[in-house]
Amino acid sequence: MDSKGMAVLPGVVPPLATRRARWAGLLAVALILGVLYFFVPLEYPATPSLKISPPVCPQEYPLTPQRNGAFWRELTDLYATDAFLTRAVEQLSSAVQIPTETFDEMEPVGVDERWLSRGPFIDHLATAYPLVHTSLKLQKVNTYGLFYTWQGSDTTLKPVLLMGHYDVVPVAPLSADQWTHPPYSGHFDGKFIWGRGSSDDKSSVIETAIEALLERKFAPTRTVVLSFGFDEEAGGYHGAQYLAAALLDRFGPNSFSMIVDEGLGFQENYGTIFALPDIAEKGHLNVEIELQTPGGHSSVPPGHTSIGMLAALIVQLESNAPVPTLQVGSPVFEMAQCFATRGATMPSKLKHALLHAGKSPKALKTAEALLLKDPVLKALIGTTQAVDMITGGVKSNALPEQAWAVVNHRIATQSSVNETLQRDVELLEGLAARFNLSVTANGKLITPAADATYGSLALTTRQELEPAPVTPSNAAPFRLLAGTIRATFHAARKDVREGKTDIVIAPAIGPGNSGASELAS
Ligand SMILES: *[C@@H]1O[C@H](CO)[C@@H](O)[C@H](O)[C@H]1NC(C)=O
Ligand SMILES: *[C@@H]1O[C@H](CO)[C@@H](O)[C@H](O)[C@H]1NC(C)=O
Ligand SMILES: [Zn+2]
């Protein structure tokens, strides 16, 4: 989700942000060319300042395509031209100008008219990228899900799957006039492209890179599959869920050599530029808390109404928030160790603690305490909870028979949906017993009613999503991506080629789990 709607990520140095559109295209080209031949010799010298193989946060040499070296060089030259920048800007801008808003709780495709906004976007892709649409096979899944197959010549190679989503979050009517440039203007101010979707995620969905490869008659050896969802911002239940089933049906389980989805940030941290591909995504869980109590007239009230009891339950939850713990080997730990190893300006106390945290429990605790001061890192490290909705009562002189709240959880990678629900149940059952309430969790009886006249507490889970499996950062697909990002950066920036600066790849983790449902099973 892009709160400001600009095609820029916080902390990115301006020259990179300026050229994001073409840079993203070059990365896609490199990836498509590169995945055909894992691990080819480097073409650019590694910057002397960047050691490749320390014990923690090892880096890849820039990986450049070898057998397809001619394509790579030609496209690298093309991408450096102003004419190409103009073309890439125009292509991203025109995609941003087509609103494809996703709302919560949409009715199925064919029923809810708001899905119709997807049609013009799909038509636009077909017009803007004609070669893609004659050379690749396009299957539409649940009408608006796009499943492209770019058939490779060697069918013994597992295909690569590139994913994205072309929907955006709605623009709140009240905030529409607060935009510097309107959210669907796609305005290019010479530096940034403005508008919803410019960074999340239409820059991944436009087919600039493949069209450029096809213009040069490139034909892949390994099959390339594209899967673009249309309701990622509401969980992907109408798009990605159907696409995953279609991919599974077509290719079978464990059939891809590599899956790349959104979730690649760039940030300058501690004086160093980091590329941060997410290797993990937190889980998600809503726990609905519902209290049912006898009604009656408010003139003869019991000691506690359902609203009062719900309030006490919420206080109980908030007084006992989950305590995040930094675990050795977790994605956040790996990321922080990269910052410690590669960051030029990390304060020495934190740096020292992080570099010893793998072996010393004391250093781990020190590192944890320092990292938890940062609210974003704190949220990444542990399971979070937020009471986000509440209702109860219908009339000022009637006892409320029902009170209801929703706790939204983002589940730590080392935890699970069940463990999170279990924690809520354990926190609340004692208090519920004091109120003489029966307790159920997902319909299963936890505490029977001592006296049914008091009422019931029911916990129900919704929108369950387990944390995504963690991608090992030493596995070939991650290393290929890392080496490709470095090669792309080297190709795109003179100061990097001259050794004045460089980019470090750190495995990272996404704060929400907005993209998790896009993963093919
Ligand atoms: C979660 O708990 C439910 C009910 O206790 C059980 O049926 C289910 O198998 C559990 N799921 C996992 C992934 O452990
Ligand atoms: C729960 O029930 C017991 C036994 O009937 C009663 O003494 C007690 O006051 C009740 N607690 C509440 C909070 O109403
Ligand atoms: Zn997104």
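Visitor: What makes His165, Asp200 and Glu262 the residues that coordinate the zinc ion (ligand 3)?
Guide: In this predicted model, donors are N, O and S atoms within 2.8 Å of the metal (3.2 Å for Na, K and Ca), with water not among the atoms, so sites may look incomplete. His165 (NE2), Asp200 (OD) and Glu262, which gives OE twice, lie at 1.9 to 2.5 Å from the zinc ion (ligand 3), so they count as donors. Residues are numbered from 1 along each chain as its sequence is written, and ligands are numbered from 1 in the order in which they are written. Local features need pLDDT of at least 70, and side-chain atom pairs count only at pLDDT 80 or more, while totals for linings use all residues; side-chain values use heavy atoms, without hydrogens and water.

Visitor: Why is the site of the zinc ion (ligand 3) called irregular?
Guide: Four donors count as tetrahedral if all angles lie between 85 and 135 degrees, and as square planar if opposite donors are over 155 degrees apart and all others between 65 and 115; anything else is irregular. The angles among the 4 donor atoms run from 55 to 147 degrees, and therefore the site fits neither description.

Visitor: Why is histidine 165 called buried, and why does glutamate 262 count as partly exposed?
Guide: Buried means under 20% relative accessible area, exposed over 50%, and partly exposed in between (1.4 Å probe, protein chains only). Histidine 165, with a relative accessible area of 0%, is therefore buried, whereas glutamate 262, at 22%, is partly exposed.

Notes:
Four donors count as tetrahedral if all angles lie between 85 and 135 degrees; four count as square planar and six as octahedral if opposite donors are over 155 degrees apart and all others between 65 and 115; anything else is irregular.
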